[in-house]
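Student: I should like to go through this structure and ask, for each term, on what grounds it is applied.
Tutor: Please begin once the sequence and the model are in view.

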Amino acid sequence: MIQRRVSRLIILSAIAGGAVVVALSSNGSGRVYAADAPATVPMKIERLDPALDQIIPDQPRLEKVATGPGFTWTEGPVWIPAGYLLFAEIPTNSIRKWTPGAGVSVFMQPSGWKESTPYTGSEPGSNGMTLDRRGRLRVGGHAQRDVWRLEQMNPKAQVTVLADSYEGKRLNSPNDLVYKSDGTLYFTDPPYGLPKLDSDSTKQLPFSGVYRLRGALSHKPGAPPDRAQLQLLVKDLPRPNGICFSPDEKYLYVNNSEPKKLWMRYTVKADGTLTHGKVFFDASSDKRVGGPDGMKVDQRGNLYSAGPGGVWIISPEGKHIGTLDIPERVGNVAWGGADHKTLYVAASSSIYRITLKVPGVYPHIR
């Protein structure tokens, strides 16, 4: 990939194989990246159950749509209805924008750590992202140790911090997040954004929590966090990470990345709190690269999650029915495209996509 400085969109040339190189003006950062047409990548599919045939096309096609230069850990992808993908590149403290046919540009930098002192760890950026039903971007601040909202889809728009502490103690590093249909925000808070994780001198909470933020949708732009609305739901997971609801919102799934590789399932009570937590699937014996991380569900209730070796597909009954073998370690996934059948995969240095038969559950934007 070739880095350019341009002031407008310029189509440069066609190259062998039909790829088109494009330069896209950035959002004031001056940094843009030449873009090749998506390249088909060889892939294997681990088929463990005939039910997978109802999900995977007869001739599946994995495409690499975006890569570097310099990407080492992409995360938190979210499809924007205007027709582009945002994703975090955590080590470079940035949120990137990939536009079909135009390539990658810097959407926001810095996106996480903004303090004057140098960040001494490896993950200074933001992490998971989602949209509320008004189409506003919600972000797990990770190294910034908060959850924040962008009031307009513009990197220079007003930022509203929704949560930054629990009972007077700073959050660890909010990681991934999901909305319930009633406007309540749920998020995980492991220590991955702290330079020394659990042993970091700035760590204030003795646990890694799963939280519920009441009134998140109606929080006024620019208002300080309403800390009384933050409710701790789970504190017995050492590394809570990915999080999503079942389509009917009867269950909340939470991943635990390590030391055990677990997918947890909780029953959601009428008041939004959780009960009956159980191990939905245990992959601790699988020694392939990767572990439970970001995840989403499709409209039939199947779970798609980062896992050992790629993207795991788990049925609503808790059966591992197949794995999409991705050539890099997977961090997170997101549904995109007009019909929400395209699964975008954030995997280390690249963003991949594959079109499936079943549409995913996408944020309800009104």
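Student: How many aromatic pairs does a search of the whole structure find?
Tutor: The search finds 12 aromatic pairs. Rings of Phe, Tyr and Trp (its six-membered ring) pair if their centres lie within 6.5 Å; planes under 30 degrees apart are stacked, over 60 edge-to-face, and the rest tilted. This is a predicted model, in which local features need pLDDT of at least 70 and side-chain atom pairs count only at pLDDT 80 or more, while totals for chains, interfaces and linings use all residues. Residues are numbered from 1 along each chain as its sequence is written, and side-chain values use heavy atoms, with hydrogens and water left out.

Student: Why is the pair of F281 and W312 called edge-to-face?
Tutor: The ring centres are 5.6 Å apart and the planes stand at 70°, so the pair is edge-to-face. F281 lies in strand β25 (residues 274–282) and W312 in strand β28 (residues 310–314), so the pair ties together parts that are 31 residues apart in sequence. Strands are DSSP runs (E, at least two residues), numbered from the N terminus.

Student: What makes W312 count as buried?
Tutor: Buried means under 20% relative accessible area, exposed over 50%, and partly exposed in between (1.4 Å probe, protein chains only). W312 has 3% relative accessibility, so the residue counts as buried. By contrast, D182, in the loop between β18 and β19 (185–189), has a relative accessible area of 43% and is therefore partly exposed.

Student: Which residues form one aromatic cluster?
Tutor: W79, W98 and Y344 form that cluster. W98 also belongs to β10, where it shares one side with S94 and R96.

Student: Why is strand β10 described as largely enclosed?
Tutor: In β10 (residues 94–99), 6 of the 6 residues are buried, so the rest of the structure largely encloses the strand. In a regular strand the side chains alternate between the two faces of the sheet. Here both faces are covered, since S94, R96 and W98 on one side and I95, K97 and T99 on the other are all buried.

Student: How do you know that β10 pairs with strands β9 and β11?
Tutor: Two strands pair if DSSP finds at least two bridges between them. Strand β9 (residues 84–89) and β10 are antiparallel over 5 bridges, and β10 and strand β11 (residues 103–108) are likewise antiparallel over 5 bridges. E89 has S94 as its bridge partner, and T99 has G103. Each pairing is also a hairpin: 4 residues lie between β9 and β10, with N93 in the turn at a positive phi of about 55°, and 3 residues lie between β10 and β11, with G101 in the turn at a positive phi of about 85°.

Student: What makes the charged end of K97 one that sits over the ring of Y84?
Tutor: A charge sits over a ring if NZ of Lys or CZ of Arg is within 6 Å of the ring centre and within 35 degrees of the ring normal. The charged end of K97 sits over the ring of Y84, 4.2 Å from its centre. The charged end of R265 is placed over the ring of Y251, 3.9 Å from the centre of that ring.

Student: What divides the lining of the largest pocket into classes?
Tutor: Ala, Val, Leu, Ile, Met, Phe, Trp, Tyr, Cys and Pro count as nonpolar, Asp, Glu, Lys and Arg as charged, and the others, Gly among them, as polar. On that basis the lining has 20 nonpolar, 5 polar and 7 charged residues.
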